[in-house]
Amino acid sequence: MDTGFTVAQLRSATADAVRAPSLHNTQPWRFRLRDGGIELSLDPARRLPATDPSGWGARISCGAALFNLRLALAVAGTPATVRLRPYPTEPDVLARLVPATPRPATPTDRSLYAAVPRRFSNRAPFWPDPVPADVRWRLGEAARAEQCWLELVIGTSAVNAFAAVARSAHRVLERDPDYRRERAAWIRREPAPDGVPAAAGGPQSEPQDLLPMRGFGDHSRAPGRDFEPEPLVAVLGSAGNTAADQVLAGQALQRVLLTATDAGLSVSLLSQPIEVPGAREALRLSLGRFGTPQMVMRVGYGLPGVATPRRSVDEVLDLPVVSA
Ligand SMILES: Cc1cc2nc3c(=O)[nH]c(=O)nc-3n(C[C@H](O)[C@H](O)[C@H](O)COP(=O)(O)O)c2cc1C
């Protein structure tokens, strides 16, 4: 009996995995087949030393790709059992997936999978319409289904307090010339398979803005088109902060993002308060939570947009060389 995944299954699921979000769209992942299992590794050549010295962002990105990989396999009727960081001596191998008992995909699997190509980071202002309570609840359930938590920052004073922490983290980061150089190097003004297209980077910030948006864009906004006055801010966190916890958080992030997309919502990510240790601790204390904040999201109703480019499947696969 054939008990492993095939190259065809690897290729097909990888095409969905690469649609995941990643820090500066670096796409820091590699995929291969080993002993019938699909393995996802962090690509050390695509880490951002100034922005992400610990590798947190690369592991969150790979976790998000892992969620898409699992989902694609499940929807194809070949779900996987996942082991995180299976080899102590190979820390960059973040996950190994082996076939589980085949079962039909659930309706939730199908609707989340349909959202994979539609999801994108929407950095433009959202409409002021509130997100209904049942949708908020679904977002929290999505995080819990992946062993993480999602805390919504509710009320003007809580949102203002969060914004002050985020702005101070932003200022700390902006003082670092290496951080600024790295970001500039990943902004794309010409078509490219990676990096953040300037057109997707959102409008330039203005003094009245509450939340600090990472400056990828260079276009000014339409007059009067300010950001929503009271954004819905959601903080995703995990129980611990090991490398495996960060991969778990990446999976939870992608489940929340796809759940939001499925519900017609737009999301942009704000990780400055996660990247500055003092801000991350202030955020954790303000939420009164055990565990570790891993990502912040701005959630709302936005204008439609387009998905950003990705490298091809061939560029991220490590296949054994077959001799003629
Ligand atoms: C760990 C991580 C941190 C991120 N931080 C930010 C951020 O602070 N600001 C921002 O605008 N986008 C942030 N992003 C979003 C990425 O820039 C985005 O996913 C990438 O450019 C690909 O675009 P897409 O999400 O539209 O597919 C982050 C993504 C990840 C995975």
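This report describes the cavities, the largest pocket, two sheets and a few ring contacts of a predicted model.

**Enclosed space**

Rolling a probe the size of a water molecule over the atoms shows where empty space is left. Across the whole structure, the search finds three cavities of 30 Å³ or more. The largest cavity has a volume of about 500 Å³. Its lining is made up of 31 residues, and those nearest the centre of the cavity are Ser22, His24, Ser121, Arg123 and Leu269.

Several elements contribute to the lining of the largest cavity. Helix H2 (56–75), strand S7 (196–197) and strand S9 (266–269) each provide at least two of the lining residues. H2 gives the largest share, with four residues.

The second largest cavity holds about 60 Å³ of space. Its lining consists of Asp209, Leu210, Leu211, Met213, Phe227, Glu228, Pro231 and Arg298.

**The largest pocket**

The largest pocket has a volume of about 380 Å³. It is lined by 24 residues, with Asn122, Ala124, Ala199, Ala200 and His219 lying nearest the centre of the pocket.

The table gives the class make-up of the three linings.

| Space | Nonpolar | Polar | Charged |
|---|---|---|---|
| Largest cavity | 15 residues | eleven residues | five residues |
| Second largest cavity | five residues | no residues | three residues |
| Largest pocket | 13 residues | eight residues | three residues |

**Rings and charges**

Arg298, one of the residues lining the second largest cavity, lies over the face of Phe126, at 3.7 Å from the ring centre. A further contact of this kind involves Arg225, whose charged end sits over the ring of Trp127, 4.3 Å from the centre of that ring. A pair of aromatic rings is described by the distance of the centres and the angle of the planes. With ring centres required to lie within 6.5 Å, the count of aromatic pairs comes to zero.

**The five-stranded sheet**

Strands of a sheet pair through backbone hydrogen bonds, either parallel or antiparallel. One open sheet has five strands in the order S3-S4-S2-S1-S11, and its pairing is mixed. Strand S3 (80–84) and strand S11 (317–318) are at the edges with a single partner strand each, so one side of each has no neighbour in the sheet.

At the S11 end, strand S1 (residues 29–34) pairs with S11 in the parallel sense, over two bridges. Here Arg32 stands opposite Asp318 in S11.

**The four-stranded sheet**

Another open sheet is formed by four strands in the order S5-S8-S10-S9, with antiparallel pairing. Its edge strands are strand S5 (148–153) and S9, each of which pairs on one side only. On average, neighbouring strands of this sheet are turned by 30° against each other, direction ignored.

How many bridges join S5 to strand S8? Six bridges link S5 to S8 (residues 232–238), and the two strands run antiparallel. Val153 stands opposite Val233 in S8.

Strand S9 ties this sheet to the enclosed space described above. S9 is an edge strand of the four-stranded sheet, and S9 also supplies at least two residues of the lining of the largest cavity.

Note on methods: Residues numbered from 1 in each chain as written. Predicted model: local features only at pLDDT ≥ 70, side-chain atom pairs only at ≥ 80, totals over all residues. Heavy atoms only, no water. 1 Å grid on protein atoms, 1.4 Å probe; cavity = no way out; pocket = protein on both sides within 12 Å on 5 of 7 lines; lining within 4 Å. Points joined across faces, edges and corners; volume = space filled by probe spheres on them. Nonpolar A, V, L, I, M, F, W, Y, C, P; charged D, E, K, R; others polar. Phe/Tyr/Trp six-rings, centres within 6.5 Å; stacked < 30°, edge-to-face > 60°. Lys NZ or Arg CZ within 6 Å of the ring centre and 35° of its normal. Pairing = 2+ DSSP bridges. Axes fitted to C-alpha atoms, helices over the stretch in contact; angles between N-to-C directions.
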